[in-house]
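Let's take a friendly walk through this model together. Have the structure open as you read.

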Amino acid sequence: MTKEKRDMRALVIGGSGGIGAAVAQQWRGRGGEVVGLSRARDGFDLLQPDLVEARLTALDGVFDMIIVASGALVSTRSAPEKALRDLSAEEMAAQFAINAIGPALVMKHAPRLLARRRRGVFAALSARVGSIADNRAGGWYSYRASKAALNQLIKTGAIELARTHREAVCVALHPGTVETAFTAHYPGRQKLSPQESAARLLDVLDGLGPQESGGFFDYAGAAVEW
């Protein structure tokens, strides 16, 4: 968001989490207004479809950016599955519910919540491990698959959104490995602070146009393979 964009409005889903809170803070710091929804602060739970529908339907006005910054690395386990023997229906269902179905239920409202005649952005935090082409290590079955599903939903939603919102940008974002509770159990990796990741993600979004809609980009602006 550049200096002239002083009346911009953003909807941040997961606004109390590490990256979501940082995105909200960065947006406000650049002069924008934020409407934040999160389970911890507002009881906004992506695992409750009726609640999601009611809360989003009740929102007034339009937004310049909608970003889904919520998600989970594990749901019913203490760590991602490393082998096929670790797979369970419960974990897979839970991961798809929070990482793919939840963001899709938010994206359902994008045509109404984004302006039709000016640029608008819908973005969801994905992960590089959701890339099928980039999968060289294996493991992390449920998380990988749920993020790959999210990527497909973003790609498909972008195609439909472009028919009515010609200036829209609908993308998946890889925020990098960020220093949050989400990654606390994975030491030894170079991590970004939430503020650094958020600032970079907003810079990336600033540089994208309708021609990049439907894409998958990392925090440095590089395209990620599907």
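Which backbone oxygen does the side chain of R9 reach at 3.2 Å? The partner is the backbone oxygen of V62. Please keep in mind that this is a predicted model.

## R9 and its surroundings

R9 sits in strand β1, which covers residues 9–13. Is R9 buried or exposed? With a relative accessibility of 17%, R9 counts as buried, because buried means under 20%.

Besides V62, there is D60 to look at: its backbone oxygen is 3.0 Å from a polar atom of the R9 side chain. Setting aside neighbours within four places in sequence, R9 also has contacts with W27, E33 and V35, as well as with D60, G61, V62, F63, D64 and M65.

## The nonpolar cores

Now turn to the largest nonpolar core, which has 30 residues. Inside this core, L11 and F122 are the residues with the most contacts. Helix α6, spanning residues 141–164, gives the most to this core, with four residues. Another core, of 26 residues, lies apart from it, and its members include A10, I19, I67 and L205.

What does F122 touch, if residues up to four places away in sequence are not counted? Its partners are I66, V68, P103, V106, M107, A110, L114, I154, V169, C170 and V171.

## A backbone detail at W140

One more stop is W140, found in the loop between β4 (120–125) and α6. W140 is not a glycine, yet its phi is positive, at about 50°.

Note on methods: Residues are numbered from 1 along each chain as its sequence is written. This is a predicted model: local features need pLDDT of at least 70, side-chain atom pairs count only at pLDDT 80 or more; totals for chains, interfaces and linings use all residues. Side-chain values use heavy atoms; hydrogens and water are left out. Helices (H or I, at least four residues) and strands (E, at least two) are DSSP runs, numbered from the N terminus. Buried means under 20% relative accessible area, exposed over 50%, partly exposed in between (1.4 Å probe, protein chains only). A polar contact is a pair of N or O atoms within 3.5 Å; within protein, one must be able to donate a hydrogen and the other to accept it, and residues adjacent in sequence count only if both atoms are side-chain atoms. Contact means heavy atoms within 4.5 Å. A nonpolar core is a set of buried Ala, Val, Leu, Ile, Met, Phe, Trp, Tyr and Cys residues joined through side-chain atoms within 4.5 Å.
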